[in-house]
Amino acid sequence: MNHKAYEGTFHGEPAVWLQHGPYEAAILPAVGGNLIAYRDIESGYRFLREPEADEMESFKENPGVHGIPVLFPPNRYEDGRFPWKGKTYQFPVNEEATGNHLHGFLHTTPWRVEEYGSTEAGSYVVVSVKVDEDHPVYAMLPHRFTFRLRYTLNQDGLSQHVLIRNEGDSDMPCLLAFHTAIMAPFAPGSTADDVVVRMTIGERWELNERMLPTGRFQPLTPDEEKLRGDGVSPYFAEMDNHYTAAQQNGRNRMELTDTRIGKTFVYDVGTSYKQWMVWNNKACGKFFCPEPQVNLVNAPNVDLPADEIGLFGLAPGEIWESTSRLYMKN
């Protein structure tokens, strides 16, 4: 079987490439550890939204809507305030329209390549960020920790393993999401009219004019009922919506079916992610982002039970980990 892992470039940016069977993938360590490409090169499928060569500079300035960006802490925080264990951290207000902090730090932070390699069982790469007093993130999130990602490519598709270890002497918040940008359609020759999506959404959170949860739910529309049922176009309306996750058959996932070719792409995120964000760039007809999220948007500032909104931390020495998989099924 054809398989290898090697250092190369992606439109001039240093990358680690993985190949295994019909699949290939690329990660950009210096641009947020972003898994920027996942392809079936035999069928011509491109599953993730990739920047073109002439888009690389704008992508590096705003690396949040291509590939699989790491959001830590994820989404919006009111006025940049982050109350935690009797203290209040202040994050920069980087979304002027809402006056909020948006998306955290790790999607723009350089990551270190720990190792990469390939065997008959899979081609893999491990990247990490170690935050301590000397890291610029520490000034805003004053905790010592290591965040490690392992991507493995094999006959079962692409797996993503996340491990976060608290290496400090106080409890640290552990709030995480991935702004995964899925190509829809993913197959050459197909159009937006050919694709149908299903997701394990539960209830829809009401958001205020600053895109922050009010703590109340809104009724699902008929199309949203289809989204969690038999499926609907990912572009049925402009979406920047926040939902609870509701397991189906013990899984938490997005399934994108191309009805023209009869193939389904699955993003199984595992059951540790209790919320979803769904964004489709004004129903653009090209890509959308089913974003698995551990916590409710703005969770530290919301007066709801911590377990209900995914607001939790790691004690000194504790580890949080989870595994997701992206794969094809007939």
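In this predicted model, K85 is placed in the loop between β8 and β9 (87-90). Its phi angle is positive, at about 50°, although K85 is not a glycine. K85 is exposed, with a relative accessible area of 60%. A second residue of this kind is D79, which is not a glycine and has a positive phi of about 60°. D79 belongs to the loop between β7 and β8 (81-84). With a relative accessible area of 32%, D79 counts as partly exposed.

Two cis peptide bonds were also found in loops. One runs from F72 to P73, with omega near -10°. P73 sits in the loop between β6 (70-71) and β7 (76-78). The other joins A184 and P185, where omega is about 15°. P185 is part of the loop between β17 (182-183) and β18 (195-199).

The overall fold was described next. The protein contains three helices and 27 strands. Its C-alpha trace spans about 55 × 45 × 40 Å along the principal axes. The radius of gyration is 19 Å, and this agrees with the value near 20 Å that a compact globule of 330 residues would have. Of the 330 residues, 55% count as buried. The accessible surface comes to about 13,500 Å², and carbon and sulfur atoms account for 45% of that area. Contacts between residues at least 6 apart in sequence were also examined, and 63% of them join residues at least 24 apart.

The interior was then considered. In soluble globular proteins, nonpolar side chains tend to be buried together. In this model, the largest nonpolar core has 69 residues, and Y38, F147, I164 and L176 have the most contacts inside it. Strand β13 (residues 145-154) supplies the largest share of this core, namely five residues. Another core, of ten residues, lies apart from it and includes F10, L28, V31 and A37.

The surroundings of I164 give a local view of the interior. With neighbours within four places in sequence left aside, I164 is in contact with F72, T146, F147, M172, C174, L176, L314, E318, I319 and W320. Two of these partners, F147 and L176, are themselves among the residues with the most contacts inside the largest core. Another partner, F72, precedes the cis peptide bond to P73. The partner C174 is buried, with a relative accessible area of 1%.

Cysteines were examined for bonds between their sulfur atoms. A disulfide is a covalent bond between the sulfur atoms of two cysteines. The structure holds zero disulfides. For C289, the closest cysteine sulfur is that of C284, and the two sulfurs are not bonded because they are 8.6 Å apart, too far for a bond. The cut-off applied to such a pair is 2.5 Å. C289 has a relative accessibility of 0% and therefore counts as buried.

S123 provides a polar example in a buried position. This serine is found in strand β12 (residues 122-131). Its relative accessibility is 0%, so S123 counts as buried; the limit for this class is under 20%. The side chain of S123 reaches the backbone oxygen of Q19 at 2.7 Å. A polar atom of the same side chain lies 3.4 Å from the backbone oxygen of K4. Residues up to four places away in sequence not being counted, S123 touches H3, K4, L18, Q19, H20, G117, S118, Y151, T152 and L153. K4 and Q19 thus appear both in the contact list of S123 and as backbone partners of its side chain, K4 at 3.4 Å and Q19 at 2.7 Å.

A final position examined was W276, in strand β24 (residues 275-279). W276 is buried, with a relative accessible area of 0%. Its C-alpha atom is separated by 8.4 Å from that of V294, a residue 18 places away along the chain.

Definitions and conventions. Residues numbered from 1 in each chain as written. Predicted model: local features only at pLDDT ≥ 70, side-chain atom pairs only at ≥ 80, totals over all residues. Heavy atoms only, no water. Buried < 20%, exposed > 50% of the residue type's maximum accessible area, 1.4 Å probe, protein only. Helix = DSSP H or I, 4+ residues; strand = E, 2+ residues; numbered from the N terminus. Polar contact = N/O pair within 3.5 Å; in protein donor to acceptor, adjacent residues only side chain to side chain. Contact = heavy atoms within 4.5 Å. Rg over C-alpha atoms; globule rule 2.2 N^0.38 Å. Areas by Shrake-Rupley, 256 points an atom, 1.4 Å probe, with all protein chains shown as cover. Core = buried A, V, L, I, M, F, W, Y, C linked by side-chain atoms within 4.5 Å.
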